[in-house]
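Student: I should like to go through this structure with the reasoning made explicit. Could we set each value against its criterion before drawing a conclusion?

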Amino acid sequence: MVETGGKKFLFDPFISGNELTKGIVDASTITADYIMVSHGHVDHVADLVDIAKRTGAKVISSWEVVAWAQKNGVENVHPMNFGPARFEFGKVHYTPAQHSSSMPDGSYGGNPGGFLFHDTEKKFYYSGDTALTKDMELIPLYAVPDVAILPVGGNFTMDVDDALIAADMIRCKKVIGVHFDTFGYIMIDHEKAKEAFRNAGKELILPAIGESIEL
Ligand code: NI
């Protein structure tokens, strides 16, 4: 969840079935104005339909993820494909990710992506699940983010070393790591990861589940 400009942007809600959130995050009390969905994998959409229906938050994602949400009763939606769009809160690029995207029912999820927010108090880039990709060099040509939210767990996405290269390509020194520790395949050593960033003159923030940070 990112709060900025008096609005709440919820990204890829995965609380149900997530061992790490048990007893810490209650999906039934989350409020949001917008729900941004990077792709259709179950560890990104598990609580999407419930939260969207209860809060009326606008779901912004690929055409195919949005169609799946609509099929499941979500009404407030905005479908995209790669490229820029303008919203009440400002401009967003839906950016390519090197990953895959299928919905929990096996249907096609469209292209996996990420989101670059141009007009928020702090510009930020949420890459979504992705391997390192040269497309990231385009990000600073659109807008140089103050902070980037990047996967660091490896195996399914970039690892810490790849995220360091990505940070250079994006031209961003402050990175919030995501997509780690949830499954056995993506466990990381937090201190080693932060040290690798420090040694490169960058900062890696690894928020604990339920923790809030001010940027
Ligand atoms: Ni995924």
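Tutor: Leaving aside residues up to four places away in sequence, Asp 129 touches Ser 38, His 39, His 44, Ala 97, Gln 98, His 99, Pro 151, Thr 157 and His 179. Please bear in mind throughout that this is a predicted model.

Student: Where in the chain is Asp 129 found?

Tutor: Asp 129 belongs to the loop between strand S9 (124–126) and helix H4 (139–142).

Student: How do you know that Asp 129 has no salt bridge?

Tutor: A salt bridge requires a side-chain nitrogen of Lys or Arg within 4 Å of a carboxyl oxygen of Asp or Glu. For Asp 129, which is buried, the nearest side chain of opposite charge is that of Lys 194, 20 Å away. The criterion is therefore not met.

Student: With which side chains does Asp 129 make a polar contact?

Tutor: The side chain of Asp 129 makes one with the side chain of His 39, at 3.3 Å, and another with the side chain of His 99, also given as 3.3 Å. The limit for a polar contact is 3.5 Å, so both distances fall inside that limit. His is not counted as a charged residue here, so these contacts are not entered as salt bridges.

Student: How many salt bridges are there by this rule?

Tutor: The count comes to 8. One of them joins Glu 88 and Lys 58, with the closest N and O atoms 3.7 Å apart. The two partners lie in distant parts of the chain, 30 residues apart: Glu 88 in the loop between strand S6 (83–87) and strand S7 (90–96), and Lys 58 in strand S4 (residues 58–62).

Student: Why is Glu 88 called exposed?

Tutor: The relative accessible area of Glu 88 is 60%. Exposed means over 50%, so the term applies.

Student: Is Lys 58 buried or exposed?

Tutor: Lys 58 has a relative accessible area of 17%. The cut-off for buried is under 20%, and Lys 58 is therefore buried.

Student: What makes the pair of Asp 105 and Lys 71 a salt bridge?

Tutor: The closest N and O atoms of Asp 105 and Lys 71 are 3.3 Å apart, and the limit is 4 Å. Asp 105 lies in the loop between S7 and strand S8 (113–117) and Lys 71 in helix H3 (residues 63–71), so this salt bridge ties together parts that are 34 residues apart in sequence. Asp 105, at 44% relative accessibility, is partly exposed, whereas Lys 71, at 60%, is exposed.

Student: Which residue forms a salt bridge with Glu 137?

Tutor: The partner is Lys 134, with the closest N and O atoms 3.2 Å apart. Glu 137 has 36% relative accessibility and is partly exposed, while Lys 134 is exposed at 59%.

Student: What is notable about the phi of Asn 155?

Tutor: The phi of Asn 155 is near 65 degrees, a positive value in a residue other than glycine. Asn 155 is placed in the loop between S10 and H5 and is exposed, with a relative accessible area of 53%. Asp 181 likewise has a positive phi, near 70 degrees. Asp 181 sits in the loop between S11 and H6 and, at 18% relative accessibility, counts as buried because the cut-off is under 20%.

Student: Which residues of helix H5 are buried?

Tutor: In helix H5 (residues 160–170) they are Val 160, Ala 163, Leu 164, Ala 166, Ala 167, Met 169 and Ile 170. Their cover includes S9, H4, S10, S11 and helix H6 (190–199). At the start of H5, a side-chain oxygen of Asp 159 comes to within 3.2 Å of the backbone nitrogen of Asp 161. Arg 171, which follows H5, has a positive phi, near 65 degrees.

Student: Why is Pro 140 called buried?

Tutor: Pro 140 has 9% relative accessibility, and buried means under 20%, so the term applies. Pro 140 lies in helix H4 and touches Met 169, Ile 170 and Arg 171, not counting residues up to four places away in sequence.

Student: What lines the largest pocket?

Tutor: The lining comprises 44 residues, of which Met 1, Val 2, Val 178, Pro 207 and Glu 211 lie nearest the centre of the pocket. The space in this pocket is about 1800 Å³.

How values were computed:
Residues are numbered from 1 along each chain as its sequence is written. This is a predicted model: local features need pLDDT of at least 70, side-chain atom pairs count only at pLDDT 80 or more; totals for chains, interfaces and linings use all residues. Side-chain values use heavy atoms; hydrogens and water are left out. Helices (H or I, at least four residues) and strands (E, at least two) are DSSP runs, numbered from the N terminus. Buried means under 20% relative accessible area, exposed over 50%, partly exposed in between (1.4 Å probe, protein chains only). A polar contact is a pair of N or O atoms within 3.5 Å; within protein, one must be able to donate a hydrogen and the other to accept it, and residues adjacent in sequence count only if both atoms are side-chain atoms. Contact means heavy atoms within 4.5 Å. On a 1 Å grid over the protein atoms alone, a cavity is a set of points where a 1.4 Å probe fits but cannot get out, and a pocket is an open set with protein on both sides within 12 Å along at least five of seven lines; lining residues have an atom within 4 Å of a point. Grid points are joined across faces, edges and corners, and a volume is the space filled by probe spheres set on the points.
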